Amino acid sequence: PSSASSHTHWHRVRQERNAMESRSRATDEKADGWRSNGIVWRNVILMALLHIGAVYSLLVIPRAKPLTWVWSYVCFIVTALGVTAGVHRLWSHRSYRAKLPLRVFLAAANSMAFQNDIYEWARDHRVHHKFSETDADPHNATRGFFFAHIGWLFVRKHCDVIEKGKKLDVTDLLADPVVQFQRKYYKTTVLIMCFLVPTVVPWYFWGETLWNSYFLASILRYTVSLNVTWLVNSAAHMYGNRPYDQNISPRENRWVTFGAIGEGFHNFHHTFPFDYSTSEFGPRFNPTTCFIDLMCWMSLASNRKKASVEIIQARKLRTGDGSYGEGLTD
Ligand SMILES: [Zn+2]
Ligand SMILES: [Zn+2]
């Protein structure tokens, strides 16, 4: 009987060890998530089609009416504000306060941008700031330009992004009824703001063909605004100077500043993320800051947060690379 019981004992020990090993294998794979993660083919195909459509749109430009060009540019600016003044400076960073009518406008503009709803974008962006250049950063720039730019949308989120994202405080986002509404009706609002309104307005008001307005104000405008936003994650995390903190990757990139209506002062922004201007230079080179200032003047916004000159100077001397202002003048 003793040999039989010891046999079952060892059998049980072996079973437990196997179970443990397979459990630890599972967690290893999870920790190495981005390598074993599958490709999100839906996004790959949609982005490929979108970019082919955008290239085709270039052929449509000469055939369209000049008013349609102007309209497409207006749509681009509104789209950009929905990201920069809206989900970025207001909802992700709370760098100023906005009254209900302005929040409604910014949420509509954000649906025009079609870059995930405000709640998800802001949560991911807070993770990006808190865990920059680590696996928990959704567009970790240490994985190269392509990944930081668009590649991060082609693979499943790294488990660290999801885990760290769950631990962040997002109660302020959940408490905003505008954020709740936009999340609840996201698909409908995207259909209206990103595709229907840009396409129908030129057709209705100045007799543009639906084909031309669809490709210019919707497809081309959407593709350009996506790439401009992505340049902040890719180029502005790789190329440029670091006057405020040379120990972090984000940099001052004037080309990105120009395209992303004021969001290329990225070394400053990661050093002082609470600053509503995302730059030391206030409204200079910064249409988004001008817009927020205008909203304050119209009493639709208030409580702009700003890093003081003394704090900025002290920080430059302590951790900067000594290239004061060069990102703007060289
Ligand atoms: Zn930010
Ligand atoms: Zn960044």
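A residue counts as buried under 20% relative accessible area, as exposed over 50%, and as partly exposed in between. With that scale in hand, C290, at 37% relative accessibility, is partly exposed, whereas C159, with a relative accessible area of 14%, is buried. The structure holds zero disulfides. Please keep in mind along the way that this is a predicted model.

Let us turn to the metals. The zinc ion (ligand 1) takes its protein donors from H88, H93, H125, H129 and H269, in each case through NE2, at 2.0 to 2.2 Å. Along the sequence, these donor residues follow the spacing H-x4-H-x31-H-x3-H-x139-H. Two of the donors can be placed on our accessibility scale: H88 has a relative accessible area of 5% and is therefore buried, and H93 is buried as well, with a relative accessible area of 14%.

A second zinc site is waiting 6.0 Å away, the separation between the zinc ion (ligand 1) and the zinc ion (ligand 2). Here the protein donors are the NE2 atoms of H128, H237, H266 and H270, lying 2.1 to 2.2 Å from the zinc ion (ligand 2). What arrangement do the four donor atoms make around the zinc ion (ligand 2)? Their angles run from 94 to 160 degrees, so the arrangement is irregular. For a tetrahedral label, all angles would have to lie between 85 and 135 degrees.

The donor residues of the zinc ion (ligand 2) are spaced H-x108-H-x28-H-x3-H in sequence. Within this set, H237 and H266 link distant parts of the chain, being 29 residues apart: H237 sits in the loop between α12 (210-233) and α13 (254-259), and H266 in helix α14 (residues 266-271). H237 is buried, with a relative accessible area of 3%, and H266 is buried too, with a relative accessible area of 2%.

Now for the charged side chains. Side chains of opposite charge can pair when their charged atoms come close. The model has 12 salt bridges. One of them joins R183 and D117, with 3.0 Å from N to O. This pair connects distant parts of the chain, 66 residues apart, with R183 in helix α10 (residues 177-184) and D117 in the loop between α5 (100-113) and α6 (118-130). D117 is buried, at a relative accessible area of 7%, while R183 is partly exposed, at 39%.

Another salt bridge brings together D275 and K306, at 2.8 Å from N to O. Here too the partners come from distant parts of the chain, 31 residues apart: D275 belongs to the loop between α14 and α15 (287-297), K306 to the loop between β2 (301-302) and α16 (309-319). D275 is buried, at 1% relative accessibility, whereas K306 is partly exposed, with a relative accessible area of 39%.

R304 forms a salt bridge with D293, their closest N and O atoms being 2.9 Å apart. R304 lies in the loop between β2 and α16 and D293 in helix α15, 11 residues apart. Elsewhere, salt bridges with shared partners join E120, R123, D124 and K157 into one network.

Finally, have a look at the surface. L191, I192, L196, V200, W203, Y204, F205 and L210 form a nonpolar patch there, together offering about 820 Å² of accessible area. Which helix gives the largest share of the nonpolar patch? Helix α11 (residues 186-206) does, with seven residues, L191 being one of the residues in that helix.

Technical notes: Residues are numbered from 1 along each chain as its sequence is written. Chains are lettered from A and ligands numbered from 1 in the order in which they are written. This is a predicted model: local features need pLDDT of at least 70, side-chain atom pairs count only at pLDDT 80 or more; totals for chains, interfaces and linings use all residues. Side-chain values use heavy atoms; hydrogens and water are left out. Donors are N, O and S atoms within 2.8 Å of the metal (3.2 Å for Na, K and Ca); water is not among the atoms, so sites may look incomplete. Buried means under 20% relative accessible area, exposed over 50%, partly exposed in between (1.4 Å probe, protein chains only). A disulfide is a pair of cysteine sulfur atoms within 2.5 Å. Patches are made of residues with over 30% relative accessible area and no salt bridge: like charges are joined within 9 Å, nonpolar side chains (Val, Leu, Ile, Met, Phe, Trp, Tyr) within 5 Å. Accessible areas come from the Shrake-Rupley method with a 1.4 Å probe; for residues, only the protein chains shown count as cover. A salt bridge is a side-chain nitrogen of Lys or Arg within 4 Å of a carboxyl oxygen of Asp or Glu. Helices (H or I, at least four residues) and strands (E, at least two) are DSSP runs, numbered from the N terminus. Four donors count as tetrahedral if all angles lie between 85 and 135 degrees; four count as square planar and six as octahedral if opposite donors are over 155 degrees apart and all others between 65 and 115; anything else is irregular.
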